[in-house]
Amino acid sequence: MIYDKPYRSATVCTAVTGSMTMALKAQRVLSRATIRANTVKVSRSEKGCIYGVEFDCALLGNVKMLLNSAGVEVKEFLK
């Protein structure tokens, strides 16, 4: 699912994955680890849309480890 609204009480970070497929995979990986994440459209380019997942910045270290071990390629992390 794609949600427009970020978290209300937490600082939101975004893991930019590029494709919708990778963003959904990242969301599933984080969900299995009980980390709440929303798939979002980060921007639009000539080659298409760029997607990522939003999550609580307090969990950044855990998110990096989980996505790396699951083989999810993250282009960058935005705060």
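In which sense do strand E1 and E4 pair, and over how many bridges? Strand E1 (residues 12–18) and E4 are paired in the antiparallel sense over three bridges, where helices (H or I, at least four residues) and strands (E, at least two) are DSSP runs numbered from the N terminus, and two strands pair if DSSP finds at least two bridges between them. The model is predicted, with local features needing pLDDT of at least 70 and side-chain atom pairs counting only at pLDDT 80 or more, while totals for chains, interfaces and linings use all residues. Residues are numbered from 1 along each chain as its sequence is written, and side-chain values use heavy atoms, with hydrogens and water left out.

Within the E1 and E4 pairing, alanine 15 has phenylalanine 77 of E4 as its bridge partner. The wider arrangement is an open sheet of four strands in the order E2-E3-E1-E4, with antiparallel pairing. Because E2 and E4 stand at the edges, each with a single partner strand, one side of each is left without a neighbour in the sheet. On average, neighbouring strands of this sheet are turned by 30° against each other, direction ignored, with axes taken as lines fitted to C-alpha atoms, for helices over the stretch in contact, and angles running from 0 to 180 degrees between N-to-C directions. Helix H1 (residues 20–32) packs on the sheet and touches E1, E2 and E3, its direction making about 15° with that of E3; contact means heavy atoms within 4.5 Å.

Strand E2 (residues 38–45) pairs with E3 in the antiparallel sense over seven bridges, and a hairpin of two residues joins E2 to E3.

The structure also holds one aromatic pair. The ring centres of phenylalanine 55 and phenylalanine 77 are 6.4 Å apart and their planes stand at 85°, so the pair is edge-to-face (centres within 6.5 Å; planes under 30 degrees apart count as stacked, over 60 as edge-to-face and the rest as tilted). Since phenylalanine 55 lies in strand E3 (residues 48–56) and phenylalanine 77 in strand E4 (residues 76–78), the pair ties together parts that are 22 residues apart in sequence. Phenylalanine 55 is buried at 0% relative accessibility, whereas phenylalanine 77 is partly exposed at 29% (buried is under 20% relative accessible area, exposed over 50%, partly exposed in between, with a 1.4 Å probe and protein chains only).

Note on methods. Rings of Phe, Tyr and Trp (its six-membered ring) pair if their centres lie within 6.5 Å; planes under 30 degrees apart count as stacked, over 60 as edge-to-face and the rest as tilted.
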